Amino acid sequence: MPEFLTPATAEDLENSFQQLKPYMNPTMAHYESARCLFCYDAPCVKACPTGIDIPLFIRQIHTHNTEGAARTIYDSNYFGNVCGKVCPTEVLCEGACVYNHQNVKPIEIGRLQSYATSQVIENKSKLYELAAPNGKKVAVVGAGPAGIACACELRLLGYEVDVFEAKEQPSGLALYGCAPYKVNNEDVLNEVDWLQDQFGFRLHLNRPVQTADQWKKLENDYDAVFLGIGLGHTQAAHIPGEQLENVVGATEYIAQIKLTPLNTRIGKKVVVIGGGNTAMDAASESARMGAEEVVLAYRRSKEEMKAYEFEYELAKSVGVKGLFNVAPVTILGEDRVEGIRLAKTRLEDGRLQTLAGTEFDIPCDTVILATGQEKMTALLSQIGGIDTDRQGRIATDPRTFQTMHPKYFAGGDVVNGGAEVVNAAAEGKAAAKGIHAFLHHT
Ligand SMILES: Cc1cc2nc3c(=O)[nH]c(=O)nc-3n(C[C@H](O)[C@H](O)[C@H](O)COP(=O)(O)OP(=O)(O)OC[C@H]3O[C@@H](n4cnc5c(N)ncnc54)[C@H](O)[C@@H]3O)c2cc1C
Ligand code: SF4
């Protein structure tokens, strides 16, 4: 396993979490933008969930019109800077770039995007003029990518907007979730600061909206309410030993690493349960934080993992070992974790079976459960009239993002069940347009 010492200083952290997509300098951006073929009907644009005019912004960078490039990006995606760093570009724009057909490295679209947007953020450039106030007010609940994108678009259209956020910082999982080697906290918060300066929405931090009375008050005080509340805590695995000390949920563990990295306990021998992108992040981050051994245990085959292949490769590159077709049986230990008992699994008639008599133990001092996030059904039941599907996702009109309760709109993870920052940003913006259409016909 490569040596990553447990970081003790800010400098150590920088070494452990070196940026995968560091900012380009002007010379690099100039040469990289020169490679773009400015394709007609560009496949990279079609592959972007927010439909950014990629050849246009790349040409603007090449002609030194960096502000114009940033404007092209933000016109489609309010999280242009963060997305340039955290988007799975390998399977989106860069994966679709025509250069892939010629075995040539695709254009580094994500890095060019962050190059242009970082400059307007740093220079505090004013890019937008807002429409005249239209006399209507919207409440946005949740200051993650979906909520903030919705707030920006509504302000552009002339609405008064109050954003209510439960936590003490805005940005949702872009801040509390995305891996520190993809984006650092400062860059995430700077983009939201810039957006707030630009669009002037009111941001109320430490203000959870929870009770039926609070929701009623929002309904009375505002013309519409947008729900960008994301997902909840890590789901229980329902196995004995889950209550032991040093069994942690992946999202809570990652949030701790993001916010208080030097005060987060990192085990020496860590087992991560799961096969999604969050499991890969929890494993990679443990290794980079100095764990000596990190095992990723997944109940199905490697090919069936939900995680992107490049995320698994990234975890392997820092020494994480994959163990497939195994299910957790019991977490072992008296008060705290001492090991985990796993059993082999096999697919029989399309159903996953745990095979009796195949149990084996792995000694470890930490178990991380990457078993998915809970849905917000209990919170939604306080509102009333909001329908959810069988998987607990809010049911909305796919075009307007209006829920079954006409005053409420929703977007992001709470609707799509958990996707990427770019999807949440796209849905928040689309919902703002849905709210606008609704309020102008009522
Ligand atoms: C560990 C992890 C790593 C990830 N890595 C990536 C990545 O590399 N790239 C990528 O593109 N995506 C990544 N994602 C996914 C991405 O972060 C999410 O899809 C995106 O943030 C969803 O945005 P959202 O606004 O819908 O929800 P969230 O980002 O979850 O924001 C919801 C906000 O609502 C607030 N809230 C909730 N309830 C209330 C309430 N009652 N009152 C007020 N506020 C409330 C929350 O505090 C939160 O700030 C990752 C997710 C996780 C868990
Ligand atoms: S597909 Fe590649 S070369 Fe073509 S416009 Fe997009 S980034 Fe440029």
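**Close-up views of a predicted model**

**View 1. The second largest pocket and its lining in the predicted model.** Fourteen residues, written as 14 in the count, line the second largest pocket, and Leu13, Glu14, Phe17, Pro180 and Asn184 are the ones nearest its centre. The space inside the second largest pocket comes to about 350 Å³. If you sort the lining by class, you get 7 nonpolar, 5 polar and 2 charged residues.

**View 2. Who supplies the lining of the second largest pocket.** Helices α1 (10–16) and α13 (250–259) each put in at least two residues. The largest share comes from α1, with 4 residues. Looking at it by domain, both domain 2 (137–232 + 374–439) and domain 3 (247–369) give at least three residues to this lining.

**View 3. How the chain splits into domains.** The domain assignment cuts the protein chain into domain 1 (21–122), domain 2 (137–232 + 374–439) and domain 3 (247–369). Note that domain 2 is written as two stretches, 137–232 and 374–439. From the C-alpha centre of domain 1 to that of domain 3 is 34 Å.

**View 4. The open sheet that runs β3-β2-β1-β4-β14.** Here 5 strands pair up in parallel, in the order β3-β2-β1-β4-β14. At the edges sit β3 (202–204) and β14 (408–410); each has a single partner strand, so one side of each has no neighbour in the sheet. Going from one strand to the next, the twist averages 20 degrees. Helix α12 (residues 212–221) packs on this sheet and touches β1 (137–141), β2 (160–164), β4 and β14. The direction of α12 makes about 150 degrees with that of β1.

**View 5. Zooming in on β4 and β14.** Strand β4 (residues 224–227) pairs with β14 in the parallel sense, over 3 bridges. To find your way around, start at Leu227: its bridge partner in β14 is Ala410.

**View 6. The open sheet that runs β5-β13-β6-β7-β8.** This one also lists 5 strands with parallel pairing, ordered β5-β13-β6-β7-β8. The edge strands are β5 (247–249) and β8 (321–323), and since each has a single partner strand, one side of each is left without a neighbour in the sheet. The twist here averages 25 degrees from one strand to the next.

**View 7. Strands β7 and β8, with helices α14 and α13.** Strand β7 (residues 293–297) and β8 are a parallel pair with 3 bridges between them. Within that pair, Val295 has Lys321 of β8 as its bridge partner. Helix α14 (residues 277–288) packs on the sheet, where it touches β6 (269–273), β7 and β13. Its direction is at about 170 degrees to that of β7. Then there's α13, which lies across β5 and β13 (366–369) and runs at about 85 degrees to β5. You've met α13 already: it also supplies at least two residues of the lining of the second largest pocket.

**View 8. The hairpin of β10 and β11.** Strand β10 (residues 339–348) and strand β11 (residues 351–354) pair in the antiparallel sense, with 4 bridges. Arg346 is a handy landmark, standing opposite Gln353 in β11. The hairpin has 2 residues between its strands, and Asp349 takes a positive phi near 50 degrees.

Note on methods: Residues are numbered from 1 along each chain as its sequence is written. Chains are lettered from A and ligands numbered from 1 in the order in which they are written. This is a predicted model: local features need pLDDT of at least 70, side-chain atom pairs count only at pLDDT 80 or more; totals for chains, interfaces and linings use all residues. Side-chain values use heavy atoms; hydrogens and water are left out. On a 1 Å grid over the protein atoms alone, a cavity is a set of points where a 1.4 Å probe fits but cannot get out, and a pocket is an open set with protein on both sides within 12 Å along at least five of seven lines; lining residues have an atom within 4 Å of a point. Grid points are joined across faces, edges and corners, and a volume is the space filled by probe spheres set on the points. Ala, Val, Leu, Ile, Met, Phe, Trp, Tyr, Cys and Pro count as nonpolar, Asp, Glu, Lys and Arg as charged, and the others, Gly among them, as polar. Domain bounds come from an automatic or database domain assignment. Two strands pair if DSSP finds at least two bridges between them. Axes are lines fitted to C-alpha atoms, for helices over the stretch in contact, and angles run from 0 to 180 degrees between N-to-C directions. Contact means heavy atoms within 4.5 Å.
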